[in-house]
Amino acid sequence: MAEDKKEGQELSEDEKLAAEWEAAMEESGDEVAEDSRDDEWAQAMEEAGETGGSADSGVRTAPMEEFNEGGSATPGGGTPPDLDVILDIPVSISMEVGNTQIPIRNLLQLNQGSVIELDRLAGEPLDVLVNGTLIAHGEVVMVNEKFGIRLTDVISPGERIKRLQK
């Protein structure tokens, strides 16, 4: 093969190197050894298949289609996941006006009428927490003589995940 190219045109450096390696492999007989190694490998795999994973041992490989038969949710078809299962789970939602840290000595001195300074400025939006995770910001409103909160900014799911990883 390399000789045919030599007659018509010159070989590139890579082709010359490949031709040299090919000639050296033919001279040393390594090609035959590779073939015998491939045959040994194929034979070993065949034997392992007969003893370890065949029907004789009770173990068989299942085609992928069989995994979808049990009514499990599949992206391409089948039954969709039942979201009603999680929609009825109760969660705790709370609004945080602000927070601060004080020493236990000051905590024990608190009584009716004491004022605790928080870390938030007046007029700043409140934090809306679901099970302790920040999901939104909002402002206090009155709804039928009760306090409520109007959401002004909802945290995106991607941002929530980033905050959880910190």
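## A buried acid and its partner

Asp 127 is buried, with a relative accessible area of 11%; the cut-off for that label is under 20%. Keep in mind as you look around that this is a predicted model.

What does the side chain of Asp 127 meet in a salt bridge? The partner is Arg 120, and the N to O distance is 2.8 Å. As a reminder, side chains of opposite charge can pair when their charged atoms come close.

## A bridge between two strands

How many salt bridges does the structure hold? There are two. Besides the pair formed by Asp 127 and Arg 120, the side chains of Glu 139 and Arg 150 meet at 3.0 Å, again given as N to O. Glu 139 belongs to strand E3 (residues 133–143) and Arg 150 to strand E4 (residues 146–154), so this pair ties together parts that are eleven residues apart in sequence.

Buried, exposed or partly exposed: which word fits Glu 139? Glu 139 counts as partly exposed, at 38% relative accessibility. Arg 150 is also partly exposed, and its relative accessible area is 47%.

## A nonpolar patch on the surface

Now for some side chains without charge. Val 97, Ile 102, Leu 107, Leu 110, Ile 116 and Leu 118 make a nonpolar surface patch of about 480 Å².

Where along the chain is Val 97 placed? You will find Val 97 in the loop between strand E1 (93–96) and helix H5 (104–108). With a relative accessible area of 49%, Val 97 is partly exposed; patch residues need over 30%, so Val 97 passes that cut-off.

Definitions and conventions:
Residues numbered from 1 in each chain as written. Predicted model: local features only at pLDDT ≥ 70, side-chain atom pairs only at ≥ 80, totals over all residues. Heavy atoms only, no water. Patch = residues over 30% accessible without salt bridge, like charges linked within 9 Å, V, L, I, M, F, W, Y side chains within 5 Å. Areas by Shrake-Rupley, 256 points an atom, 1.4 Å probe, with all protein chains shown as cover. Salt bridge = Lys/Arg side-chain N within 4 Å of Asp/Glu carboxyl O. Helix = DSSP H or I, 4+ residues; strand = E, 2+ residues; numbered from the N terminus. Buried < 20%, exposed > 50% of the residue type's maximum accessible area, 1.4 Å probe, protein only.
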